[in-house]
Amino acid sequence: MTTGARPHRAPPREVRIIGGQWKRSKLPVADAPGLRPTPDRVRETLFNWLGQDLAGWRCLDAFAGSGALGFEAASRGANDVVLLERDRHLARSLAQSALRLQATSLRIECADAIAWMVRCAPASFDLVFIDPPFDSPLAAPALLAAARIVAPDGLVYAELPHALGAAEPAGLHLVRQSRAGTVHFHLLRRD
């Protein structure tokens with residue numbers, strides 16, 4: 001007998017890097033509350049928007065989780081990629097993946113993303129990934145902090161449960177946006 005309700009889909013146990021030097025390499029996904037890695041289809045679209053070669057870029061993955069966005073940027077040649085993760089267990093898992101892949105351009109820090117960005121020097125990054133826990137109130141303060149630390153003409157990627165619409169944070173303007181299921185994703189440029 002069926003109740004008509006759709007079964008809850010569990011998050012994947014691993015994600016694959018989809019491009020660059022570590023293409024097809026797997027990253028573990030811990031069973032942690034709120035951890036929802038960016039789907040392959042969304043990452044593919046994002047990196048089509050950004051371009052496949054990020055050589056020389058400085059990137060920040062503010063709510064790293066599985067690390068899929070940060071590892072993807074490093075795999076495509078980004079020079080300096082910082083992954084921030086508040087959960088110590090997840091940060092250790094990211095460090096183990098970086099060691100396994102010999103990812104020397106990656107730096108993992110166990111830190112609160114917003115507090116870290118508030119302390120960070122202005123214009124420190126070319127690209128900032130903002131993908132906070134899905135239904136948390138962290139998106140707005142994270143976008144404000146990212147607008148300050150991204151370089152002029154730099155980019156901020158935001159993955160949210162809703163479309164930004166006309167609610168662009170000060171100093172950022174929407175370049176591209178799309179949707180995949182319940183995920184709304186946006187690419188913004190700093191003025």
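Let me start with a term: a cavity here is a set of grid points where a 1.4 Å probe fits but cannot get out, and its lining residues have an atom within 4 Å of a point. Keep in mind that this is a predicted model.

First topic, the enclosed space. How many cavities of 30 Å³ or more does the whole structure have? The search finds one. About 60 Å³ of space lies in it. Who lines it? Pro 28, Val 29, Ala 30 and Leu 35 come from one part of the sequence, then Gly 65 and Ser 66, then Leu 90, Ser 93, Leu 94 and Ser 97. Helix H3, residues 88–101, gives the most to this lining, with four residues. By class, the cavity lining has six nonpolar and four polar residues. Charged residues? There are none in that lining.

Next, the open space. The second largest pocket has a volume of about 460 Å³. Its lining counts 29 residues. Nearest its centre lie Leu 35, Phe 63, Gly 65, Glu 85 and Pro 133. Note Leu 35 and Gly 65: they also line the cavity. By class, this pocket's lining has 17 nonpolar, five polar and seven charged residues. H2 and helix H4, 113–119, each supply at least two of the lining residues.

That brings me to H2, residues 68–75. Is this helix mostly covered or mostly open? Mostly covered: eight of its eight residues are buried. Among them are Leu 69 and Phe 71, and also Glu 72. After H2 comes Gly 77, with a positive phi near 100 degrees.

Methods
Residues are numbered from 1 along each chain as its sequence is written. This is a predicted model: local features need pLDDT of at least 70, side-chain atom pairs count only at pLDDT 80 or more; totals for chains, interfaces and linings use all residues. Side-chain values use heavy atoms; hydrogens and water are left out. On a 1 Å grid over the protein atoms alone, a cavity is a set of points where a 1.4 Å probe fits but cannot get out, and a pocket is an open set with protein on both sides within 12 Å along at least five of seven lines; lining residues have an atom within 4 Å of a point. Grid points are joined across faces, edges and corners, and a volume is the space filled by probe spheres set on the points. Ala, Val, Leu, Ile, Met, Phe, Trp, Tyr, Cys and Pro count as nonpolar, Asp, Glu, Lys and Arg as charged, and the others, Gly among them, as polar. Buried means under 20% relative accessible area, exposed over 50%, partly exposed in between (1.4 Å probe, protein chains only).
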